Amino acid sequence: MGLIAWILPVVNLRRNKAGSGSRIVLCAASVSACAVSLCLQIFYTDHLVKIEDWSALMDTSSSVALVSAILLTVTILLNAIVLSSYFRKN
């Protein structure tokens, strides 16, 4: 889902004749894919807490936090670039 969140804005930028509706729909789909990805990660962390797998939580928590922040930041930046290019053309 995280890769989809990054691929959709890139596809959006590569399209030459994208209408306003399709650009906004692809941006919304990208942000939604990012949100679903982060939500699934939260569910997995909750699962690890419920089964009391503390070693897995301790081993992965800092990496998961870093990767989640990177996913969110890059997704926001890519979609901001898409939207700014759209508004610049109009």
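**Exercise 1.** Which residues of H3 are buried?

*Solution.* The model is a predicted one, in which local features need pLDDT of at least 70 and side-chain atom pairs count only at pLDDT 80 or more, while totals for chains, interfaces and linings use all residues. Residues are numbered from 1 along each chain as its sequence is written, and side-chain values use heavy atoms, with hydrogens and water left out.

Step one is to locate the element: H3 covers residues 54–89, where helices are DSSP runs (H or I, at least four residues) numbered from the N terminus. Step two is to apply the classes, in which buried means under 20% relative accessible area, exposed means over 50%, and partly exposed lies in between, with a 1.4 Å probe and protein chains only. The buried residues of H3 are then Ala56, Leu57, Leu71, Thr75, Leu78, Asn79, Val82, Ser85 and Tyr86. As a check on one of them, leucine 78 has 17% relative accessibility and therefore counts as buried.

**Exercise 2.** Compare the span of helix H3 with its expected value, and locate its bend.

*Solution.* The expected span is 1.5 Å times one less than the number of residues. Helix H3 has 36 residues, and its first and last C-alpha atoms lie 52 Å apart, close to the 52 Å expected. The helix nevertheless bends by about 45 degrees at threonine 60, the bend being the angle between axes fitted to the seven residues ending there and the seven starting there. Elsewhere in this helix, the C-alpha atoms of leucine 78 and serine 68, ten residues apart in sequence, are 15 Å apart in space.

**Exercise 3.** Identify the salt bridge of the structure and describe the setting of its two residues.

*Solution.* The criterion is a side-chain nitrogen of Lys or Arg within 4 Å of a carboxyl oxygen of Asp or Glu. The structure holds one such salt bridge, in which the side chains of aspartate 46 and lysine 50 meet at 3.2 Å, N to O. Both residues belong to helix H2, four residues apart, which is about one turn of the helix. An α-helix has 3.6 residues a turn, so residues three or four places apart point the same way. Aspartate 46 is partly exposed, since its relative accessible area is 35%, whereas lysine 50 is exposed because its value is 63%.

**Exercise 4.** Decide how many disulfides a search of the whole structure finds, and examine cysteine 27 and cysteine 39.

*Solution.* With a disulfide taken as a pair of cysteine sulfur atoms within 2.5 Å, the search of the whole structure finds zero. For cysteine 27, the nearest cysteine sulfur is that of cysteine 34, 13 Å away; for cysteine 39, the nearest is likewise that of cysteine 34, at 11 Å. Cysteine 27 has 7% relative accessibility and so counts as buried, while cysteine 39, at 32%, counts as partly exposed.

**Exercise 5.** Examine the backbone and the surroundings of glutamate 52.

*Solution.* Glutamate 52 is placed in the loop between H2 and H3. Most residues other than glycine have a negative phi. Glutamate 52 is not a glycine, yet it has a positive phi of about 55 degrees. At 54% relative accessibility, glutamate 52 counts as exposed. Across this loop, the C-alpha atoms of aspartate 46 and leucine 57, eleven residues apart along the chain, are separated by 9.8 Å.

How values were computed: Helices (H or I, at least four residues) and strands (E, at least two) are DSSP runs, numbered from the N terminus.
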